[in-house]
Structure formats: structure tokens, C-alpha cells
Amino acid sequence: MVLACEAPERAAAICSWCGEAAVLELAEAWSDHAFQLETCCHASYEEVCAGMADDPAWARGLLRHLGAEVLLGHGLRRVADTGCGQLLLDWKLEIRPVSFTRAANFVRRHHAHNAAPTAWRYGAAITNGATLLGVVMVGNPVARGLMGRGTVEVNRLCIRRDVPRALAWNACSQLYGWAAREAEARGFERIVTYTRADEEGGSLRAAGWIKEAHVRGRSWNSPTRARTDRAPLIDKLRWSRTLKPRRALHRLPVPPTIMPLTLDAAA
Ligand SMILES: [Zn+2]
């Protein structure tokens, strides 16, 4: 006789709280990072939630096991605890292409103290799942002294503040890191940026940038634009990374030194 052989391990699992067949499933997961588990009873639900809050690595493994990554098509970075008792699906951050117009509009909407630049050389967006977190815009150095020396500048780096902070964790560092790698790939020898003197530079340090100057600032990076009321008149810090491009940028070959043989011959 062949007995029904459907999922014997599931049939054997009995919930120690309610005594029924244990149920633990991912009922729903939304693109806004929220998700809903389904369990056999409330006690079991509480236990799982407490376990996830205590052990993010276990939580990630559980959500993977329950199919969250397949469902939404992203890789899980962790399950983020917002601190308000809500757990969110925190996906691996991804650098993505973005148009200048979209990046500039994003900066206009989200940047705390700056207008959008009027031009760029290149830039990118960073996403957490379906959520656009921020953009980086890289262009020519604004300070005249830095122009024309194989240097580019991160003119704007903007992370929105209307998403839970946990989801944007490490986003600044990844954008600064990407901006430098891209500059190097494009043949630039150096990349610089400015922060307000009262801003933390942790994400720049983490991306390998070095603080190199304290700049007494008047105009903030936008000499071509009339300053708005919101632009602060405060000191800035200049940060930089020295790059090692494999191909040189706009460099004419250096002519070999030619000895004045005629003079020598005459002597
Ligand atoms: Zn139960």
C-alpha cells in the first residue's frame, strides 16, 4: 500500500503554542518594504517577530526561506528594524543609471540646502528594491584652481529623508565609492567634493576619501546660479580621492626631449 506522501515534515510539525498544525508563511510582501507573515496562532506570530527583531541574520534567512526574494525579485540585505516595532524588507542597494533630468529633479525635491546643478559629466541613482533612495551628480570642479587638471567633482549627492533611515544605510558611501571608480574608469586622476563643515564625513571616509582642506565658503558650489535664501553661508570641507586611471584623459603625448645637437656639434 502506498500512503499519501504529501509533505511529511510539514504534517509532523505541530505548533507548541496552539497544538494545531504549525503554519508559518509569507502571506504578503509589498514593494514599500512591508511584509505580512501568516501563522497558526497569535502566540506563534509573536514568537517569530521577537526572534526576527533579536537576530537579523536569522530573520533574513527566514524571509529567504519563505520566498521573499523570489516574490519581489531583489536580494535581501537584512530585515531592518525601524525601531518602532516595524520590520522592513531591506534589499541590497543597487547603483542604477539615471538621466540628468531625473537626477536634477530629484535633487530639487529632496536636497536640504542646495539647488540642482545645471550640467554634469555623469551620475547615477541608488535603489533599495523598488525605492529610489538617492542620486549622485558628478561634474567639473567649481573652484577655478582645480579645473583642467584631470579632476572631477561630486557636485551633489542627495539621499531622500522621507524613507526609514535603515533602508538608506550605507547609501552615501556606495555612491561616493561608485563616483570615484567611475571617474577612474573615465581616465580622471582625482575626484573631490565638499561637505558643510558641520556635516559628518563618515560616509566619505568609509569610501576611502581623505579630508584635505577647510574652505572658508561664501557661495556654495553654484557660482552660475543666484543664491537662494536657503543656501547657507558656512565653511566647507574639501575631500578628495587620488585615482589611478589605466588610460590617460585628454593628455597629449609628451614629446621626447631633444638635445640641441647642433650647438653641441658646433662646440
Ligand atoms: Zn500555533
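**Zinc site, sheet and selected residues of a predicted model**

Q: What geometry does the site of the zinc ion have?
A: The angles among the four donor atoms of the zinc ion run from 103 to 122 degrees. Donors are N, O and S atoms within 2.8 Å of the metal (3.2 Å for Na, K and Ca), and water is not among the atoms, so sites may look incomplete. Four donors count as tetrahedral if all angles lie between 85 and 135 degrees; four count as square planar and six as octahedral if opposite donors are over 155 degrees apart and all others between 65 and 115, and anything else is irregular. The site of the zinc ion is therefore tetrahedral.

Q: What pLDDT do local features need in this model?
A: Residues are numbered from 1 along each chain as its sequence is written, and side-chain values use heavy atoms, without hydrogens and water. The model is predicted: totals for chains, interfaces and linings use all residues, side-chain atom pairs count only at pLDDT 80 or more, and local features need a pLDDT of at least 70.

Q: Which residues coordinate the zinc ion?
A: Along the chain, the donors of the zinc ion follow the spacing C-x2-C-x21-C-C. Coordination is through SG atoms at 2.3 to 2.4 Å, and the residues are Cys15, Cys18, Cys40 and Cys41.

Q: Is Cys15 buried or exposed?
A: A residue is buried under 20% relative accessible area, exposed over 50% and partly exposed in between (1.4 Å probe, protein chains only). Cys18, at 29%, counts as partly exposed. Cys15 has 6% relative accessibility and therefore counts as buried.

Q: What is the strand order of the open sheet?
A: Strands (E, at least two residues) and helices (H or I, at least four) are DSSP runs numbered from the N terminus, and two strands pair if DSSP finds at least two bridges between them. The open sheet has seven strands with mixed pairing, in the order β5-β6-β7-β8-β9-β11-β10.

Q: Which strands form the edges of this sheet, β5 being one of them?
A: From one strand to the next, the twist averages 25 degrees; axes are lines fitted to C-alpha atoms, for helices over the stretch in contact, and angles run from 0 to 180 degrees between N-to-C directions. An edge strand here pairs on one side only. The edge strands are β5 (93-96) and β10 (210-215).

Q: Which residue of β8 is the bridge partner of Met137?
A: Strands β7 (residues 131-139) and β8 (residues 151-159) run antiparallel and are joined by six bridges. The partner of Met137 in β8 is Arg156.

Q: At about what angle does helix α6 run to β6?
A: Contact means heavy atoms within 4.5 Å. Helix α5 (residues 100-110) packs on the sheet and touches β7 and β8. Helix α6 (residues 171-185) lies across several strands, including β5, β9 (190-196) and β11 (236-242). Its angle to β6 (122-128) is about 150 degrees.

Q: How many residues of β9 are buried?
A: Arg190, Val192, Tyr194 and Arg196 point one way from β9, while Ile191, Thr193 and Thr195 point the other way. Strand β9 pairs with β8 in the parallel sense over four bridges, and Val152 stands opposite Ile191. Strand β9 is mostly covered, the buried count being seven of seven.

Q: What is the phi of His33?
A: His33 lies in the loop between β1 (24-29) and β2 (35-39), and is buried with a relative accessible area of 2%. Leaving aside neighbours within four places in sequence, His33 is in contact with residues including Leu87, Trp91 and Leu167. Although His33 is not a glycine, its phi is positive, at about 85 degrees.

Q: What is the phi of Asn170?
A: Asn170 lies in the loop between β8 and α6, and counts as partly exposed at 32% relative accessibility. Asn170 is not a glycine, yet its phi is positive, at about 75 degrees.

Q: What separation have the C-alpha atoms of Arg241 and Arg190?
A: Arg241 is in strand β11 and is partly exposed, with a relative accessible area of 23%. Not counting residues up to four places away in sequence, Arg241 touches several residues, among them Arg190, Ile191 and Trp209. Arg241 and Arg190 are 51 residues apart along the chain, and their C-alpha atoms are separated by 5.8 Å.
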